[in-house]
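Let's take a friendly walk through this protein, starting from a single residue and working outward. Keep the viewer open as you read.

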Amino acid sequence: MKRALLPVLFLSLGLGAPLALAQGTSKKKAPAQTAPATTPAPKKDDGLDVSKLPFTPDSIRQVMAHHMPRIQECYEDTMVEKDKKVEGKLLTTFTITAEGTVRSAKVDKYGSTLKDAGLNDCVVAVLSSMDFPKPPDGRDHPIEYPFNLKAIE
């Protein structure tokens, strides 16, 4: 009999307490897949109008929280693929360009405890497809964003 795992994502922007907690049951209750975790298709038109948001740490957190279901999908797919709990920290870095797009998204291997290439690729694909408010100073802004992933039963 398989256990149902509830993934939990804690997000923070390095500015204090965790940003959000999302949990739910995996929709994939079928036997574990043998294919690697799928990378979600980029979704540019997703209902969040970033042009109406100021460029602030709160708006960055708001954009990240809006895209959380896609990050959680990466995590759930990885757990289904591995057929076991996968837990740890993913430290991501990316640059918000002067246009509000993401450039150079990656997972910092040294700051991360989760070492799963499929999960890393999926999270990077989600980050790369995000749009943020345009910085008013017209400059690029490097961001470091940790994801603390934990499955609860």
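## R70, an arginine under cover

In this predicted model, R70 has a relative accessible area of 6%. Buried means under 20%, so R70 counts as buried. Its place is in helix α2, which covers residues 68-82. What does the side chain of R70 make a polar contact with? The partner is the side chain of S129, at 2.9 Å.

## Helix α2 around it

R70 has plenty of company, since α2 is mostly covered, with 11 of its 15 residues buried. The buried set mixes residue kinds: among them are M68, I71, Y75, M79 and V80, but also Q72, E76, D77 and T78. If you are browsing the helix, C74 is another of its buried residues.

From its first C-alpha to its last, α2 reaches 21 Å, close to the 21 Å expected for its 15 residues at 1.5 Å a residue. Just after the helix comes D83, which takes a positive phi of about 55 degrees.

## The chain as a whole

Stepping back, the protein chain holds three helices and five strands. Read from the N terminus on, the elements follow the order β-β-α-α-β-β-α-β. Of the 153 residues in the chain, 43% count as buried. The accessible surface comes to about 8400 Å², and carbon and sulfur atoms own 54% of that.

How much of the contact network links residues 24 or more positions apart? Among contacts with a separation of 6 or more, such pairs account for 76%.

## The nonpolar core

In soluble globular proteins, nonpolar side chains tend to be buried together. Here the largest nonpolar core has 30 residues, and those with the most contacts inside it are M64, F94, F132 and F147. Two or more residues of this core come from each of α1 (57-66), α2, β3, β4, α3 (117-128) and β5 (141-152). Which element gives the largest share? That is α3, with six residues.

## Helix α3

The 12 residues of α3 reach 16 Å from first C-alpha to last, close to the 16 Å expected at 1.5 Å a residue. Its buried residues are L119, N120, C122, V123, V124, V126 and L127. An α-helix has 3.6 residues a turn, so residues three or four places apart point the same way.

The N-terminal end of α3 is capped by D116: one of its side-chain oxygens lies 3.2 Å from the backbone nitrogen of G118.

## The β3-β4 hairpin

Strand β3 (residues 88-96) pairs with strand β4 (residues 102-107) in the antiparallel sense, over four bridges. To find the pairing in your viewer, look for T93, whose bridge partner in β4 is K106, and for I96, which stands opposite V102. Strand β3 is mostly covered, with eight of its nine residues buried.

The two strands form a hairpin with five residues between them. In the turn, G100 has a positive phi of about 90 degrees.

## T97 and D131

T97 sits in the loop between β3 and β4. Is T97 buried or exposed? With a relative accessible area of 4% against a limit of under 20% for buried, T97 is buried. Its side chain and that of T101 are joined by a polar contact of 2.8 Å. Leaving aside neighbours within four places in sequence, T97 is in contact with R103, P135, R139 and D140.

D131 belongs to another loop, the one between α3 and β5. Its relative accessible area is 24%; partly exposed residues fall between the 20% and 50% limits, so D131 is partly exposed. How far apart are D131 and T97 in sequence and in space? They are separated by 34 residues in sequence and by 9.5 Å in space, C-alpha to C-alpha.

Terms used: Residues are numbered from 1 along each chain as its sequence is written. This is a predicted model: local features need pLDDT of at least 70, side-chain atom pairs count only at pLDDT 80 or more; totals for chains, interfaces and linings use all residues. Side-chain values use heavy atoms; hydrogens and water are left out. Buried means under 20% relative accessible area, exposed over 50%, partly exposed in between (1.4 Å probe, protein chains only). A polar contact is a pair of N or O atoms within 3.5 Å; within protein, one must be able to donate a hydrogen and the other to accept it, and residues adjacent in sequence count only if both atoms are side-chain atoms. Two strands pair if DSSP finds at least two bridges between them. Contact means heavy atoms within 4.5 Å. Accessible areas come from the Shrake-Rupley method with a 1.4 Å probe; for residues, only the protein chains shown count as cover. A nonpolar core is a set of buried Ala, Val, Leu, Ile, Met, Phe, Trp, Tyr and Cys residues joined through side-chain atoms within 4.5 Å. The expected span of a helix is 1.5 Å times one less than its number of residues.
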